[in-house]
Amino acid sequence: MDVSAPSVAVRRRAADAWAEIAQLEHASVASFARFTLQLMAVGAPPQLVAAALQAGLDEVAHARAAFGQASRFRGEPVGPGPLPLERDVFGPAGPADLAALAADAFTEGCVNETIGALEAASAAEMCVDDPGARILWTRIAEEEARHGELAWAFVRWSLAQGGAPVRAAVRAAFDRASEVLAVDDGAVVASPDDDALRRLGLLCETDRRAIRRRGFAEIVRPTMETLGL
Ligand SMILES: [Fe+2]
Ligand SMILES: [Fe+2]
């Protein structure tokens, strides 16, 4: 696409949005590296370990492509710097607290990755002015959905292994996620550039909130019910 077509303001916002997306994708590489170690620490089956390693590689590709988009819109290279990793590698709960790990996987994977997949699919659909971004979002949607499935598989396995404490921790994580969803209801100021950004595959906050609600109601809650939670 001709990136000189959007206004300077839209290009600047697109560059910032892609840079922010890229940083989140980049941080996800570290999350999956940690998750892989955590899976091994609790003796999870090798297919889950393999899926976590693959997910980390997917995130490397997402980060690289998103930094590429940011660079394109900014007109200069944008890339990752050192990633602050203040939490120790296993997080505050320690490596073998299965209930805490299942709760974290629920929040980060079952909720955030699932909703990330829906956001990516929606971005692909709206993205009519940047064919490269449309292809990228389509790929990201498929892969984030797989990452969500990995989290559900780990939660199922943890429930089978750990019983009541895991059940209680995942249920509490679900309740916390529902509360977060209920409070982020404040008004969002629409910008005249929102449509131009959507056409470049960049959702605005109103879109994201609607998708979060839909993902929670249509996927997260029903899947919890199938697990008897
Ligand atoms: Fe990703
Ligand atoms: Fe992901």
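This short talk goes through the overall fold, two helix packings and one buried residue of a predicted model.

A word first on conventions: residues are numbered from 1 along each chain as its sequence is written, and chains are lettered from A, with ligands numbered from 1, in the order in which they are written. Since we are looking at a prediction, local features need pLDDT of at least 70 and side-chain atom pairs count only at pLDDT 80 or more, while totals for chains, interfaces and linings use all residues.

Let me start with the whole protein, which has seven helices and zero strands, where helices (H or I, at least four residues) and strands (E, at least two) are DSSP runs numbered from the N terminus. The C-alpha trace spans about 55 × 35 × 30 Å along its principal axes. The radius of gyration, taken over C-alpha atoms, is 18 Å, which agrees with the value near 17 Å for a compact globule of 229 residues, the rule being 2.2 Å times the number of residues to the power 0.38. Of the contacts with a separation of 6 or more, 80% join residues 24 or more positions apart, a contact being two C-beta atoms, placed from the backbone, within 7 Å.

Turning to the packings, helix 2 (residues 46-74) and helix 4 (residues 131-162) meet at an angle of about 155°, with their axes 10 Å apart; the axes are lines fitted to C-alpha atoms over the stretch in contact, and angles run from 0 to 180 degrees between N-to-C directions. Helix 2 is therefore roughly antiparallel to helix 4, a term used for angles over 145 degrees. Among the residues that meet here are Ala55, Asp58 and His62 of helix 2, and Glu143, His147 and Trp157 of helix 4.

Helix 3 (residues 98-126) packs on helix 4 at an angle of about 160°, with the axes 7 Å apart, so helix 3 too is roughly antiparallel to helix 4.

Where, finally, does Ala103 sit, and is Ala103 buried or exposed? Ala103 lies in helix 3, and counts as buried because 23 C-beta neighbours fall inside 10 Å, the cut-offs being 20 or more for buried, 12 or fewer for exposed, and partly exposed in between. Leaving aside neighbours within four places in sequence, Ala103 is in contact with Ala169, Val170, Ala172 and Ala173. Gln38, 65 residues from Ala103 in sequence, is 13 Å from Ala103 in space, C-alpha to C-alpha. Over the protein, buried residues make up 40% of the 229.

Definitions and conventions. Parallel < 35°, antiparallel > 145°, perpendicular 65-115°, else oblique.
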